[in-house]
Amino acid sequence: MDNSGSSLKPTVLGAVITMALQIIIAPNIAINDVVPNFALLFTVITAIRYGSMRASTVGFILGLIYDLIAQGPIGVMPLVLSLLGYGAGSLNKGMLAGSLPMQLGMILVAVFFGELLHSVILAIIGYDSDFLMSLLMRVLPGTVYDSVIGLILLPLLTRGDNSRKRRSESSLRSIDMRRKRR
Amino acid sequence: MALSPKKPKKLSGGFLLILFIVLSIVLMTVWIREGASGPLHSVRSGFATITMPFQYAGAMLSRPFQAVGNLTANLGADQEDISTLTAENEELRALVMQLEEYRQENERLSKMLELADTYSLDSTGARVISRSADTWNRILTIDKGSSSGLRVGMPVLSANGLLGQIESVSQFSSTVRLITDSQSGVAAFLQSSRTEGIVSGSAEGLVYLSYIPLTATVQPGDVVVTSGAGGVYPKGIAIGEVASVDFSPTDVYQTIIIKPITRVSTYEEVLVLVGNQSEVKINVNVGSQSSDGSTDQENPASNAESSNSTGGSDDAVSGSSGNPDTPIAGGSDGQ
């Protein structure tokens with residue numbers, strides 16, 4: 001499923017809402033210092049809905065903003081999210097089009113790989129000295145937290161899509177009916 | 001052969017990805033190599049100024065929910081009583097630690113006249129407007145910045161003890177890296193034995209006192225305070241108390257876990273140490289002595305304190321122009 005040709009408006013709107021959530025909400029809903037990564041989630045959801053090209057672009061931009069908000073090294077999250085967006089989008093195109101359970105599974109896997117890649121890069125550049133402890137205390141709890149939010153968000157978005165589809169189909173049907181009457 | 005109109009070239013996904021990877025690596029390299037006054041740090045500082053109102057709004061929005069959370073956590077007891085007693089208890093424990101520190105110092109130094117009081121510190125209050133926006137850093141954002149005279153490296157305290165150090169400053173806000181963060185380090189000593197070590201945070205959220213040799217006697221409950229080595233944190237600020245001690249005969253150092261006296265989640269206001277009154281007093285004295293014709297050598301203790309204090313502020317400034325962890329390195333050098 002590569003809908004990269006479809007309208008940019010929902011993606012831009014979604015990206016703005018995502019970063020607002022990251023700045024305003026995320027710090028206040030941290031559990032044991034584990035803060036949800038809305039930027040990562042939105043990149044994966046964009047990859048599922050629009051494919052690799054748009055997802056990698058969204059990932060790069062959101063990653064850059066995320067790094068500016070956070071206090072870590074700038075450039076790590078854009079790298080992680082653009083790679084993740086591209087990878088998840090490519091996989092989705094080949095294997096997972098349309099199936100909600102598969103997409104939910106993909107969110108779980110993608111979030112884990114995103115958090116893991118972030119941790120590996122931080123360890124490589126010397127920002128994080130204890131990789132194993134970070135894996136246990138940051139990557140795994142972060143994956144669980146992000147996945148739970150993703151599992152709530154994706155069905156909601158899908159339901160929104162379905163109702164929009166139904167509305168457009170019914171309006172098309174009513175137009176056809178009017179034409180036939182004439 | 002008929003000429004067909006050329007289609008505009010479309011960027012391929014692979015090309016775009018390579019471009020993003022290269023850009024990210026360039027950004028990382030620039031960020032690592034530049035100082036605190038570099039372009040990326042400046043952009044981050046500007047961004048912090050823009051996002052500050054939103055962070056503030058988030059903190060305001062979450063406050064009632066946090067209150068509800070506290071209420072449910074303490075069901076069965078009067079919330080106001082618990083809050084008052086907890087706060088009072090923490091303040092009293094901090095006071096006992098502080099008084100013990102004063103007593104010991106008084107005993108050791110009472111014979112040395114004209115010693116400047118290292119605890120008369122100038123501070124300014126600030127409100128916590130946000131906490132860390134990511135999992136990897138334990139930080140606070142406060143509502144005062146360079147416009148209020150804050151600088152990188154200044155120590156930040158709660159009413160009870162040490163919280164952390166200012167890491168970055170924008171015009172109207174500052175970021176404080178907490179002592180519980182794994183990137184943080186504070187030169188400290190055990191109040192009872194005066195054995196010096198480094199207090200540092202960790203990924204798992206525990207705070208360790210490192211470099212304490214096996215020969216030192218450490219008991220759970222021993223108080224840990226800042227040593228003043230490195231010149232960033234003033235001497236004698238309460239950090240916490242020893243929660244557990246562990247070592248095996250083959251170890252070089254003991255593994256000491258500290259229970260910090262400050263609970264970050266409960267604080268809405270903090271104190272930033274903007275200067276040391278004694279430093280000002282000493283400088284004034286030195287100035288007056290010079291005008292009388294006497295030399296600085298007449299008061300070596302004051303001179304030593306003065307140079308330490310100046311060194312401290314220099315360290316803090318060097319933190320702003322280079323690696324923010326410079327003061328921490330200074331702390332370890334002091335061991």
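Reader: Let's start small. Does A:Thr11 count as buried or exposed in this thing?

Author: Buried: A:Thr11 has a relative accessibility of 5%, and the cut-off for buried is under 20%. Keep in mind that we're looking at a predicted model.

Reader: OK, and where does A:Thr11 sit along the chain?

Author: A:Thr11 belongs to helix H1 of chain A, which covers residues 9–25.

Reader: Which residues does A:Thr11 contact, if I skip its neighbours within four places in sequence?

Author: With those left out, A:Thr11 touches A:Phe42, A:Thr46, A:Tyr50, A:Arg54 and A:Val58. One of these partners deserves a second look: the side chains of A:Thr11 and A:Arg54 are joined by a polar contact of 2.7 Å.

Reader: Let's zoom out. How many helices and strands does chain A have?

Author: Chain A has 6 helices and 0 strands, so to speak a run of α-α-α-α-α-α when you read along the sequence. Of its 182 residues, 47% are buried. For the fold, look at sequence separation: among contacts in chain A with a separation of 6 or more, 68% link residues 24 or more positions apart.

Reader: What confidence does the predictor give chain A?

Author: The mean pLDDT of chain A is 84, with 85% of its residues at 70 or more. Go element by element too: helix H3 (residues 52–69) of chain A has the highest mean, 93, while helix H6 (residues 131–181) of chain A has the lowest, 78.

Reader: Now the interface. How much area do chain B and chain A bury between them?

Author: First the general idea: people often express interface size as the accessible area lost when the parts come together. Here chain B and chain A bury about 4,100 Å², with 67% of that on carbon and sulfur atoms. Three residues, B:Arg44, B:Thr135 and B:Trp136, provide 21% of what chain B buries against chain A, more than any other three residues. By residue, 44 from chain B and 43 from chain A take part in the contact.

Reader: And how many salt bridges cross between chain B and chain A?

Author: The rule finds 1. A salt bridge joins the side chains of B:Arg138 and A:Asp33, at 2.7 Å from N to O. As for polar contacts, 14 residue pairs qualify between the two chains, counting pairs with both residues at pLDDT 80 or more.

Reader: Which elements of chain B give two or more residues to the side that touches chain A?

Author: Helix H1 (13–33), helix H2 (39–73), strand S1 (121–131), strand S4 (162–169) and strand S5 (174–178) of chain B. By class, that side of chain B has 20 nonpolar, 17 polar and 7 charged residues.

Conventions
Residues are numbered from 1 along each chain as its sequence is written. Chains are lettered from A and ligands numbered from 1 in the order in which they are written. Side-chain values use heavy atoms; hydrogens and water are left out. Contact means heavy atoms within 4.5 Å. Buried area is the accessible area (1.4 Å probe) that two parts lose on being put together, summed over both. A salt bridge is a side-chain nitrogen of Lys or Arg within 4 Å of a carboxyl oxygen of Asp or Glu. A polar contact is a pair of N or O atoms within 3.5 Å; within protein, one must be able to donate a hydrogen and the other to accept it, and residues adjacent in sequence count only if both atoms are side-chain atoms. Helices (H or I, at least four residues) and strands (E, at least two) are DSSP runs, numbered from the N terminus. Ala, Val, Leu, Ile, Met, Phe, Trp, Tyr, Cys and Pro count as nonpolar, Asp, Glu, Lys and Arg as charged, and the others, Gly among them, as polar. pLDDT is the predictor's confidence in each residue, from 0 to 100. Buried means under 20% relative accessible area, exposed over 50%, partly exposed in between (1.4 Å probe, protein chains only).
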